[in-house]
2 protein chains.
Amino acid sequence: MDRKVFTLFSFVEQMQPKYIERLRTFVSIPSISEQQDHRLDVVKALRWIAYKLKKIGADVRFRRIGKEIIYTGDHIPLTATDELELPDVVVGSLGSDVTKRTLLIYGHVDVKPVHESEHWSHDPFDMQVRGEYLCGRGVTDDKGPLLGWINAIEAFQKTKIQLPINFKFVIEGMEEVGSEGLHELLNELSLSFFKNVDHVAISDNYWLGQNKPCLTYGLRGVIYFYITVEGSDRVLHSGCHGGAVAEPLSDLISLLAALNDSQGRPMVPDIYEDIEEIDSEEIARFSRLDFQPQVYKANIAAPGLQSYDKVDLLRRRWCLPSISIHGIEHSFDKPGAPTLICKKVMGKFSVRVVPAQPPKKVAQKVKNYLEQLHKLRGSPNKLDIKIFRDGRPFLSDHTTVNYQAASRAIIRVWQQEPDLTRDGAAMPVAIALEESTRKDVVLIPMGQSLDFQHEGNERLAIRNYLNGIKVFAMYFFELAAAEREDSEEEAARQNKREKWRLKMV
Amino acid sequence: MDRKVFTLFSFVEQMQPKYIERLRTFVSIPSISEQQDHRLDVVKALRWIAYKLKKIGADVRFRRIGKEIIYTGDHIPLTATDELELPDVVVGSLGSDVTKRTLLIYGHVDVKPVHESEHWSHDPFDMQVRGEYLCGRGVTDDKGPLLGWINAIEAFQKTKIQLPINFKFVIEGMEEVGSEGLHELLNELSLSFFKNVDHVAISDNYWLGQNKPCLTYGLRGVIYFYITVEGSDRVLHSGCHGGAVAEPLSDLISLLAALNDSQGRPMVPDIYEDIEEIDSEEIARFSRLDFQPQVYKANIAAPGLQSYDKVDLLRRRWCLPSISIHGIEHSFDKPGAPTLICKKVMGKFSVRVVPAQPPKKVAQKVKNYLEQLHKLRGSPNKLDIKIFRDGRPFLSDHTTVNYQAASRAIIRVWQQEPDLTRDGAAMPVAIALEESTRKDVVLIPMGQSLDFQHEGNERLAIRNYLNGIKVFAMYFFELAAAEREDSEEEAARQNKREKWRLKMV
């Protein structure tokens, strides 16, 4: 095998300019799923990636996933002729050798919008090489990693080394807005397309730091809220009417203020219910991780942290719920000093849930709490609460064949054992894929913690991009070489997992 | 005199189409003082009104009032050649007959911006006649009333009836943003230009209802706050970092939520200090006013009121401080569901103060309170509080010659005695004019309570515009006919007023 590894690694090194060029093309498609006017760019990016799969010989299908429902209850038109449809999901397969294992790879082509406050140093969709980094929207989330899988498979083909496993692909374009419509498709695929899948891998998160590779086995879930308070039908002059009416913005602010205590801990009653306690073994592991609160604080340019204790800080990020308020719509938010009373305002916040909290149950607790507070306040203004994207958290078994293979692949490339980490961000597709394949899912991050995903100047280290491709290639070998799990053992493990997942429904 | 009155009234009636056309021209200048890109329109409106004054024979001067300081500490450029200057104030005088009294008239040419949420049924700067109303930005605040004074004076001239009094004028273009720079000019004018002024009149507020004319003797003051909370130098992903950092928007919201109690009453410690108690005579007068809480509720299209007791409700609007939160800048306020932590957010609110609360003292209380709360919260984020427009409240003596003359003028035109009212809105120029002239100031509203000043579809009833012009003409006669106050009596009254005003410095 070592001869093959040398050949592959040499090929990957030699392909660096081409790999960068490919990513530049992929990044140049502004496939922002959150913005309706970019919906056709999402479709374009899906077609682009489908073509890449075709080129490595995959059988590729576009699967319809139905109509999109946005919070107002309306549908988003897609094109003049094909309106109201969500972008298709790209489903592919490569290889059907029954003697080989089959790996299911998931990825997404859509990216987050670019906000004014992000201060990009260049056009986010014109990828630039800045020192040792590639910079552009989507390079690390998730265009670089997704392209990495294809580059790795292509490397086997171009070097005429037989692919050691079969592949299946599920690639979507609506991940950044909650993978709408995907779950129904996954359920459908579970009966047929997923039948011979042995393992699942996702590369769509990040290392804990800048230097040490990681494997990730846990994720928080997320629930998104839009809460609206509506008062008078008119905008009122605050001089003439201030003191006489209940002001919608004051009502909204009082509700939002009641979400967290002064230390940023959620105050919703029973919000700490159903949390899976972390055991002493995991705590010990946390304390050994390559992570320093002071370095973290400097990296995120924060004036302070809610905790400087390493384990406590990681628990807050990974194992405890949190609530972030993102914005208020329809207040007088333009420059100027209006003396008006808002008539209808909307607050946006998200709740992070942790294993094994059922998102629907938590969402209901938050809703009940806010409704009760509003009632107690006695305001005549109307409160409306919309909940969407109830994404389940994820906690995998990191001792499986799949995790071991990924770990060995990382050791071969990076010459060090990966840290076993969780992540605070949500990826509802992880648990959905485990559910629909009944196989375990490994998260193999490609980028570093400071890749600024979802932020300004998003980047991916060239070294991480190249080594990531090598890790994927090694992972294929390691999976093929790993001992097959005893079928009874596997069934027992899967039943245990299923029971765990059922807690969160 | 009745012959003269008949002639004047007939002339005014006959001029209706011309008066409307004049107002339409005035309204067509979008003289929005709050928006920098309309600053030259403010200058244009000032020139337009100066020309109108010239045409009635007034001696007109433009007075410089210095540079504008906005909250960021920057200056607003006005034109390329004349940058950084505030729009001039128009100062005029007409008549110098030493046997006649001199009336000082104040007005402003600037208007409030048009906000999207106001839902105008037409271009706000293209004044339309809608049934019995004139509709457009500024028709009632304050272009209609200001033009009304000039129309009234012109009526005397065109009908060849001798003007019974002399006039002075002070007309500004920055009223809606706090009359910046005006006070210094008024101080300067007090030593010379204002020397022979006998009375002051302002028509820049509204009736209490729709049917009964009013004279207004009291106003609340206003203080405006910009409070900024600044956290990390980066926008952070709430999944990765939520729970680990103190979020600026949460800090801001907790501060804003602490301003009012659940019933909309300010909670700032000692904020009810220095309030002049209203006496039983005034309470009795309130209870007799033409005002019904249920009608008021319907008029402002509110789902409810903080009180349904007539006197209590009027006290809340006129005699008690209130705090309105107007908006939050720099949060994620565009459509969409971002999962980001804001890095720097700014909250805007205003505090209404009442006679005899010193605005500077109240502002300091609010500032201390917020700073203390933020300190107690222990957030590492930086709080910055900017205070501006500390406008003093106003409470006049409504028994003076000036008020009596205005009252008699109203009776002649409307055939009923005016209600004596206060107003919740601020007009810091009222007390400043009293101070700089040492004469009493009467507020003679032209429009009705439902004129939607500062709101969508601002309007002025044609009947109020025409009758307002007649009231002004009658007021000139009544002032001329009123008995001169004994100089000792006047000095005593003025000393009492000065003592009262000094309380608020």
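This is a short talk on a predicted model with two chains, A and B, and on how they meet.

Okay, housekeeping. Being a predicted model, it gets local features only at pLDDT of at least 70 and side-chain atom pairs only at pLDDT 80 or more, while totals for chains, interfaces and linings use all residues. Residues are numbered from 1 along each chain as its sequence is written, chains are lettered from A and ligands numbered from 1 in the order in which they are written, and side-chain values use heavy atoms, with hydrogens and water left out.

Let's start with the symmetry. Superposing by least squares on the C-alpha atoms of residues with pLDDT of at least 70 in both copies, you can lay chain B on chain A with an RMSD of 0.1 Å, using a turn of 180° and a shift of 0.1 Å along the axis. So the two copies are related as by a two-fold rotation axis. And 100% of the interface residues of chain B are also interface residues in chain A, so the copies meet through the same surface.

How many residues are in contact? It's 85 residues of chain B with 85 residues of chain A, where contact means heavy atoms within 4.5 Å. The buried area is about 7,000 Å², and carbon and sulfur atoms give 51% of that; the term means accessible area, with a 1.4 Å probe, that two parts lose on being put together, summed over both. Of what chain B buries against chain A, Arg234(B), His326(B) and Ala337(B) supply 9%, more than any other three residues.

Now the polar side. The rule finds two salt bridges across the interface, that is, a side-chain nitrogen of Lys or Arg within 4 Å of a carboxyl oxygen of Asp or Glu. One of them pairs Glu455(A) with Arg234(B), closest N and O atoms 2.7 Å apart. Strand E11 of chain B, residues 322-329, gives the largest share of the side touching chain A, eight residues. Strands here are DSSP E runs of at least two residues and helices are H or I runs of at least four, numbered from the N terminus.

Just past that strand, Ser331(B) sits in the loop between E11 and strand E12 (340-341). Ser331(B) counts as buried at 7% relative accessibility; buried is under 20% relative accessible area, exposed over 50%, partly exposed in between, with a 1.4 Å probe and protein chains only. Leaving out residues up to four places away in sequence, Ser331(B) touches His326(A), Gly327(A) and Ile328(A) across the way, plus Leu249(B), Cys342(B) and Val345(B).

Another loop worth a look holds Gly243(B), between helix H6 (238-241) and helix H7 (248-257) of chain B. Gly243(B) is buried too, at 8%. Beyond its neighbours within four places in sequence, Gly243(B) contacts Gln306(A), Arg316(A) and Ser322(A).

Over in chain A, is helix H7 buried or exposed? Nine of its 10 residues are buried, so H7 is largely enclosed by the rest of the structure. Among them are Pro248(A), Leu252(A) and Ala257(A).

Last, some backbone oddities. The bond from Asp141(A) to Asp142(A) is cis, omega near 5°, and Asp142(A) is in helix H4 (residues 139-158). Pro355(A) and Ala356(A) are also joined by a cis peptide bond, with omega about 0°. Then there's positive phi outside glycine: near 60° at Asp270(A) and near 70° at Asp274(B). Asp274(B) lies in the loop between H7 and helix H8 (280-288) of chain B, and is partly exposed at 31%.
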